[in-house]
Amino acid sequence: MHAEDVPLPRIAEEVGTPVYVYSRATLERHARVFNEALAPLGDPLIAFAVKSNPNLAVLNVLQKQGFGADVVSGGELRRALAAGIAPAKIVFSGVGKTRAELELGLDEEIGQFNIESREEGHELAEIAASRGIEAQACLRVNPDVDAKTHEKISTGKAENKFGVPLMRARETFDELAALEGMNLRGVAIHIGSQLADLEPLETAFAKVGQLVADLRAAGHTITHVDLGGGLGVPYRKGEILPSPAEYGAMVARATAGWDVKLTFEPGRVIAGNAGVLLTRVVRVKRGGNGPPFVIVDAAMNDLARPALYGAWHDFDAVEPSGERMTANIVGPICETGDTFATDRDCDALRSGDLAVFRTAGAYGATMASSYNSRGFVAEVLVDGDRFAVVADRIDAGAIMDAERVPDWL
Ligand code: LLP
């Protein structure tokens, strides 16, 4: 198995395992396909959801494809800038931006704040007015639409914490648009992630269209609408999801006549299938009354999605023998939750073999922790027949070095 033209065993040998491996060519292809699918919509801003893969090299690849960035913290904002993304192409989302983060966004003159509440709008306007400037902003609304995805990554239901409820959108917009320091110029939504069906998105977009018409009828000037991210990707071989082209056609239908600049915030659809988590089998242990345990050197601290959401990641040997086995695939962490797959039909594996978890380029390394003092996983970017370590492995010792025992102990 190769990443582009680089054999994965070479990366394992030189960098060690576990390690995330990203393909530059795949990132570029995904960016191009997404750009092309949305090109008929005028000149939309495609702001990559940095949370899905904040690696500086990955952001740099996407910046070269004309992408902006959707950020949700001061840290992500700094990364986007460090990757060379123009401030005008940065959108700041997030339900709990601190005063310091609002100030940072204004300092850096970012293109857009997506305001998630009346309270946040007042604070932002007050800071901007005190500087004699205007914040460029959209109001994030909560359309109360069920995105039909995992409950932990659904964001557009009334009970979710995100945005302003649609029924209060008009009054909130009236109030915030009148503030000094505020250029409230449109609306934003994002209803959830890993959407396998376009219908909830289309329903939500129709509600946004109605709101835009109502706001205009009330005398507001609406020039921008941010439609968020959320397009799902196949995690299993053979699974079919809506393509970017189908998504683009639906958006064209839903937004016909809006006459606004559109923004999109895709994350997973760009990065998910551009990366794998490369791991080595520590040993294979006989099961109790079930299948054997394939214990790999990656764990839930490196790839949290299976433990957090019960997510499926395809798992394949790097050098398959042709034989198959049924196994429970687990990491070394001392929790039963550290299980990647149960009763999985997979390539036969033995101690020392290499394997990959696929579709790990989004919400992989970025959600890593150092639980069990395992350190932080390394990341590699491949480009043709060359590769580079784009994030060093941070070993447990370096993390320990940042800790102190006070001298009064
Ligand atoms: N915009 C906003 C405001 C978001 O909250 C998100 C994701 C996105 C864009 C990008 O969504 P995407 O295109 O990637 O679906 N950790 C979870 C996913 C959490 C998504 C959070 N918000 C997972 O591993 O599945």
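**Note on salt bridges and the ligand site**

1. At 35% relative accessibility, Arg-170 counts as partly exposed, and its partner Asp-174, at 30%, is likewise placed in the partly exposed class. The two side chains form a salt bridge in which the closest N and O atoms are 3.3 Å apart. Both residues belong to helix 7 (residues 166–177), where they are 4 residues apart, about one turn of the helix. These values, like those in the points that follow, come from a predicted model.

2. The salt bridge between Arg-24 and Asp-383, with an N to O distance of 3.4 Å, links distant parts of the chain, since Arg-24 is in helix 2 (residues 24–38) and Asp-383 is in strand 19 (residues 378–383), 359 residues apart. Arg-24 has a relative accessibility of 25% and therefore counts as partly exposed, and Asp-383, with a relative accessible area of 23%, is partly exposed as well. The pair also belongs to a network of salt bridges that links Arg-24, Glu-28, Asp-383 and Arg-386.

3. Asp-197 and Lys-148 meet through their side chains in a salt bridge of 3.7 Å, N to O. Asp-197 lies in the loop between strand 10 (182–188) and helix 8 (199–217), and Lys-148 in the loop between strand 8 (135–142) and strand 9 (164–165), so this salt bridge ties together parts that are 49 residues apart in sequence. Asp-197 is partly exposed, its relative accessibility being 33%. The count of salt bridges in the model comes to 22.

4. Arg-305, in helix 11 (residues 305–309), deserves a separate comment. This residue is buried yet has no salt bridge, and the nearest side chain of opposite charge, that of Glu-239, is 9.8 Å away. Leaving aside residues up to four places away in sequence, Arg-305 touches Tyr-235, Arg-268, Gly-310, Ala-311, His-313, Ala-362 and Tyr-363.

5. Which of the 18 residues around the ligand come nearest? They are Ser-193, Glu-265, Arg-305, Tyr-309 and Tyr-363, so that the buried Arg-305, although without a salt bridge, is one of the residues that come nearest to the ligand.

6. Several polar atoms of the protein can be placed against the ligand. A polar side-chain atom of Tyr-363 lies 2.7 Å from a ligand oxygen atom, and a polar backbone atom of Arg-268 is 2.9 Å from an oxygen atom of the ligand. On the nitrogen side, a polar side-chain atom of Asp-70 lies 3.3 Å from a nitrogen atom of the ligand. Of the 590 Å² of accessible area that the ligand has on its own, the protein covers 92%.

How values were computed: Residues numbered from 1 in each chain as written. Predicted model: local features only at pLDDT ≥ 70, side-chain atom pairs only at ≥ 80, totals over all residues. Heavy atoms only, no water. Helix = DSSP H or I, 4+ residues; strand = E, 2+ residues; numbered from the N terminus. Buried < 20%, exposed > 50% of the residue type's maximum accessible area, 1.4 Å probe, protein only. Lys, Arg positive; Asp, Glu negative; His and termini not counted. Salt bridge = Lys/Arg side-chain N within 4 Å of Asp/Glu carboxyl O. Contact = heavy atoms within 4.5 Å. Near = heavy atom within 4 Å. Polar contact = N/O pair within 3.5 Å; in protein donor to acceptor, adjacent residues only side chain to side chain. Areas by Shrake-Rupley, 256 points an atom, 1.4 Å probe, with all protein chains shown as cover.
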